[in-house]
Amino acid sequence: MSTRSAAMKLARESIVIAVAGVVCGLLANWVSPRGLALGRDYFGPLSPPAAGSRGSKSPAAPAAAPSAVQDASPAGKRSKRGFTLASHDQVAALFRDPGRAEQRIVFIDARDDAHYAAGHIPGACQLDHYRLDRYIADVLGASQLAERIVVYCNGGNCEDSELASQDLVALGVPESKLLIYAGGITEWKQHGMPVETGARGIGKSPTP
Amino acid sequence: MKPIHRHVVAIARVALGALFIYLGAVKAYDPVGFLKLVRQFDVLHAPSSLNFVAAVLPWFEIFCGVFLVVGIKARAAALLQLLLLIGFTVLVALRAAAIYRAGGTPFCSIRFDCGCGTGEVLICFKFVENTALMLLSAMVVVAGGGGATAGKQP
């Protein structure tokens, strides 16, 4: 067989294998429980939440005695997607606030199962933006009742806390309730703060 | 082809195939993680194309790896892997160059997770690694799969 025809044969075989490989990949993705939804925009636009969902910058006054819920509404920096960023001190104050035990303050961990189970802020709910349907039903109820919601992921360049916050806003949770813990679980651990390990604890009473 | 050369090619083929199966499996196990890595290259912007690459590429690697390990249509599978490696290496180089221009970090000190399935690596090491893989893939393309049919014209 001439070199040219050998090359043509190789090219044809490569095309066949490439097409078969793509089909195999699509099938595997479809079948896999970890598969991606091909049509979904997982990362959303880099635009602030709609004006109508923002509400007022200050949280609604709680019926209970004044607490850190009212005080920790920083008019400070905003994230890329327009959410209010919270410092470690602000988040720690919310963690210690009696409102957390009363579910008026809710912490949401925006990471996947493995990272959540490895260690999360005690009492934090889990909301994996990429597997939203698994978590949203439980988290949405707590979010709608809460006065303040702290959403975090790893910190640094992690966008998952903002993406999870966008999901909550899209489902009707007022943006004014939401705080993004910019430093994330990484900063939390660096400050020696308590960490809880194990499976999802949606709605569980937080450990003191 | 001399027997020793056939064996060398066969070993290279099987080793390449096993490696691609492993690297593909690592990515297929965490498609969301791979999706984030693909996105950071800032080449694909449409969600559907991002998702398509992140969903399909790991399985495509495994698919080609199986052909290499089994030794069926190994030259074609090796050619596809070679083309992928060339593309990946170019993308990694571009991203490393962007990081270098942005921060001034010494080029060979730059490290990031390139989405290859090996986690964060030093970029210069990645170039050496990819060059070796490209050479091995090219050897399989040129010499055939090794074994009894090595060197025979198709």
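Colleague: Before we start, what counts as a helix or a strand here?

Modeller: Helices are DSSP runs of H or I with at least four residues, and strands are runs of E with at least two. Keep in mind that this is a predicted model.

Colleague: Okay, what does the secondary structure of chain B come to?

Modeller: Counted that way, chain B has five helices and two strands. Starting at the N terminus, the order of its elements is α-α-α-α-β-β-α.

Colleague: And how much of chain B is buried?

Modeller: Chain B has 154 residues, and 44% of them count as buried. Its accessible surface is about 7400 Å², with 71% of that belonging to carbon and sulfur atoms.

Colleague: Let's switch to chain A. What makes A:Trp30 exposed?

Modeller: The cut-off for exposed is over 50% relative accessible area. A:Trp30 has 69%, so the word exposed fits. This residue is found in helix α1 of chain A, residues 3-31.

Colleague: Which nonpolar patch is A:Trp30 in?

Modeller: A:Trp30 joins A:Ile15, A:Val19, A:Val23, A:Leu27 and A:Val31 in a patch on the surface. Together they have about 670 Å² of accessible area.

Colleague: Now the sheet in chain A. In what order do the strands come?

Modeller: The order is β1-β5-β4-β2-β3, in an open sheet of five strands with parallel pairing.

Colleague: Why do you say that β1 and β3 stand at the edges?

Modeller: Because β1 (84-86) and β3 of chain A each have a single partner strand, one side of each has no neighbour in the sheet.

Colleague: How do you know that β2(A) pairs with β4(A)?

Modeller: Two strands pair if DSSP finds at least two bridges between them. Five bridges join β2(A) to β4(A), residues 148-152, and the two run parallel, so the pairing rule is met. Among the partners, A:Phe107 goes with A:Val150, and A:Ile108 stands opposite A:Val151.

Colleague: What about β2(A) and β3(A)?

Modeller: Two bridges join them, again in parallel, so "at least two" is satisfied. There, A:Asp109 stands opposite A:Gln126. With helix α6 of chain A (residues 113-118), β2(A) and β3(A) also make a right-handed β-α-β unit.

Colleague: Why is β2(A) called mostly covered?

Modeller: Buried means under 20% relative accessible area, and five of the five residues in β2(A), 105-109, are buried.

Colleague: Which residues are on each side of β2(A)?

Modeller: A:Ile105, A:Phe107 and A:Asp109 are on one side, with A:Val106 and A:Ile108 on the other. That skipping pattern makes sense because side chains in a regular strand alternate between the two faces of the sheet.

Conventions:
Residues numbered from 1 in each chain as written. Chains lettered and ligands numbered in written order. Predicted model: local features only at pLDDT ≥ 70, side-chain atom pairs only at ≥ 80, totals over all residues. Heavy atoms only, no water. Buried < 20%, exposed > 50% of the residue type's maximum accessible area, 1.4 Å probe, protein only. Right-handed = clockwise from strand over helix to strand, strands pointing away. Patch = residues over 30% accessible without salt bridge, like charges linked within 9 Å, V, L, I, M, F, W, Y side chains within 5 Å. Areas by Shrake-Rupley, 256 points an atom, 1.4 Å probe, with all protein chains shown as cover. Salt bridge = Lys/Arg side-chain N within 4 Å of Asp/Glu carboxyl O.
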